[in-house]
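Biologist: Could you take me on a close look at a single part of this protein, the sheet and what surrounds it? I'd be glad of one connected walk through it.

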Amino acid sequence: MMHTAVGWHVEMEFQEDDEHTRAVAMVRLPDGSEVRAHGQASRHHTDSNQPRVGEEIAGARALNNLAMKMLAKAHGEIDAASGRTSHPIHV
């Protein structure tokens, strides 16, 4: 059995103000296509200003959204190749 190493490059970008953090996650696939997803976090006015925490929450939400988009993309490709409807399993 031959093993092939494949790499994906994921980029994260953040925009922040005093109360909101927005994240964009983007993956570049080996075929040259890109998939983008967004996430956001809001700081409650009584919480201390912790930009890193906002980035972690917004980033995690963006990555979760990216994962769902990747599942949909993969199942769309399965459907196109097989002529049937596949059903993604959400974990």
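**A close look at the sheet**

Modeller: Happy to! Let's start from one pair of residues: Arg22 has Gln40, in β3, as its bridge partner. That pair belongs to a longer match, since β2 and β3 are joined in the antiparallel sense over nine bridges. Please keep in mind as we go that this is a predicted model.

Now step back to the whole sheet. It is open and has three strands in the order β1-β2-β3, with antiparallel pairing. The edges are held by β1 (9–16) and β3, each with a single partner strand, so each has one side without a neighbour in the sheet. From one strand to the next, the twist averages 15°. The helix α1 packs on this sheet and touches β1, β2 and β3, and its direction makes about 145° with that of β3.

The same names come back when we turn to the largest pocket. About 260 Å³ of space lies there. Its lining is made of 17 residues, and those closest to the centre are Arg43, Ser48, Gln50, Val53 and Gly54. Two or more lining residues come from each of β2 (20–28), β3 (34–42) and α1 (51–82). Of these, α1 gives the largest share, four residues. As for chemistry, the lining of the largest pocket counts four nonpolar, seven polar and six charged residues.

So, to bring the two views together: β2 and β3 pair with each other over nine bridges, α1 packs on the sheet, and β2, β3 and α1 each give two or more residues to the lining of the largest pocket.

Terms used:
Residues are numbered from 1 along each chain as its sequence is written. This is a predicted model: local features need pLDDT of at least 70, side-chain atom pairs count only at pLDDT 80 or more; totals for chains, interfaces and linings use all residues. Side-chain values use heavy atoms; hydrogens and water are left out. On a 1 Å grid over the protein atoms alone, a cavity is a set of points where a 1.4 Å probe fits but cannot get out, and a pocket is an open set with protein on both sides within 12 Å along at least five of seven lines; lining residues have an atom within 4 Å of a point. Grid points are joined across faces, edges and corners, and a volume is the space filled by probe spheres set on the points. Ala, Val, Leu, Ile, Met, Phe, Trp, Tyr, Cys and Pro count as nonpolar, Asp, Glu, Lys and Arg as charged, and the others, Gly among them, as polar. Two strands pair if DSSP finds at least two bridges between them. Axes are lines fitted to C-alpha atoms, for helices over the stretch in contact, and angles run from 0 to 180 degrees between N-to-C directions. Contact means heavy atoms within 4.5 Å.
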